[in-house]
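The exercises below concern a predicted model. Please work through each task with the sequence and the coordinates at hand before reading the solution.

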Amino acid sequence: MDFINCYEDVSRADAYATLEFANTYYLAYRDLPAIMSEHVTGTKALDFGCGTGRSTRFLRKLGFKVTGVDISEDMLRIARALDPAGDYRLVPRDDLSEFAPETFDLIVSLFTFDNVPSAAKVRIFSDLRNLLRPAGTIVSVVSSPDIYTHEWASFTTKDFPENAAARSGDVVRIVVTDHQDRRPVEDILWTDESYRAVYREASLEAIQVFKPLAQGDEPYAWVNETKIPPWVIYVLRRAI
Ligand SMILES: C[S@@+](CC[C@H](N)C(=O)[O-])C[C@H]1O[C@@H](n2cnc3c(N)ncnc32)[C@H](O)[C@@H]1O
């Protein structure tokens, strides 16, 4: 089945650009500064699937020199408008050949692999691996399978009971309640076991895996975030 990237859409891009770091998204970003200061030396970074630039601006504020890439011109147009000094590039069909091998100290990917078709995952992770400097680090934040079967401060899935029967590689649906566009986002469920198989094939090694939980004292109306981790953060290195 052909998978359509739902972010190639002007209205969704406009809505997505209003998201910041509140609610469930807070947990995706909260631990990244500490993870990066522990694992990353150097400042040259690639933001794979930068969208409207939230993750790229986040890295720039941490002091990285960042190039943001995406396959959606609709998302990139907003990223450039919000951050005219930033470096945002369209990479049709995820062609990353404009970058020299061993260029980046850090490659991040926030939520992008939720939308990458199963058959493309190994190829893209292999390409990203080849763009890493030998001591470089990939930080990939993805949705946990649990996100699609529970309720959250930023998301609802109650209208999609079929998500519960989804297996790795199946399409699942989720609605973002933090913005105005209530059309479901279509993602591809991908389990931890499946990610680890992809990393092996792409000659990457997961050196740390985080499943961030809320503590309960944050200024957000948590639903399941103190008990069930909505996100998985993989810290990856070149295996060879
Ligand atoms: C959920 S958005 C996340 C945007 C940003 N990382 C953030 O944290 O706000 C996912 C982005 O990944 C992009 N994307 C999906 N598949 C991609 C691919 N194969 N190559 C590059 N970008 C892709 C989408 O167009 C979308 O802009």
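**Exercise 1.** Determine how the residues lining the largest pocket divide into nonpolar, polar and charged, and establish which elements contribute to that lining.

*Solution.* Sorting the lining residues of the largest pocket by type gives 23 nonpolar, nine polar and eight charged. The lining comprises 40 residues, and those nearest the centre of the pocket are N5, Y7, F111, T112 and N115. Two or more lining residues come from each of helix 2 (24-29), helix 4 (54-61), helix 6 (118-131), strand 7 (171-176) and strand 8 (185-188). Among these elements helix 6 gives the most, namely three residues. The space in this pocket amounts to about 600 Å³.

**Exercise 2.** Decide whether V172 is buried or exposed, and list the residues with which V172 is in contact beyond four places in sequence.

*Solution.* Begin by locating V172, which is found in strand 7. Its relative accessible area is 0%, and because buried means under 20%, V172 counts as buried. Once neighbours within four places in sequence are set aside, V172 is in contact with Y148, N163, A166, V185, E186, D187, I188 and L189. As a last step, take the C-alpha atoms of V172 and E193, which are 18 Å apart in space, while the two residues are 21 residues apart in sequence.

**Exercise 3.** Work out where N224 lies and whether N224 is buried or exposed.

*Solution.* N224 belongs to the loop between strand 9 (204-210) and strand 10 (231-238). Its relative accessible area is 13%, so N224 is buried under the 20% cut-off. Not counting residues up to four places away in sequence, N224 touches H150, E151 and W152.

Notes. Residues are numbered from 1 along each chain as its sequence is written. This is a predicted model: local features need pLDDT of at least 70, side-chain atom pairs count only at pLDDT 80 or more; totals for chains, interfaces and linings use all residues. Side-chain values use heavy atoms; hydrogens and water are left out. Helices (H or I, at least four residues) and strands (E, at least two) are DSSP runs, numbered from the N terminus. Buried means under 20% relative accessible area, exposed over 50%, partly exposed in between (1.4 Å probe, protein chains only). Contact means heavy atoms within 4.5 Å. On a 1 Å grid over the protein atoms alone, a cavity is a set of points where a 1.4 Å probe fits but cannot get out, and a pocket is an open set with protein on both sides within 12 Å along at least five of seven lines; lining residues have an atom within 4 Å of a point. Grid points are joined across faces, edges and corners, and a volume is the space filled by probe spheres set on the points. Ala, Val, Leu, Ile, Met, Phe, Trp, Tyr, Cys and Pro count as nonpolar, Asp, Glu, Lys and Arg as charged, and the others, Gly among them, as polar.
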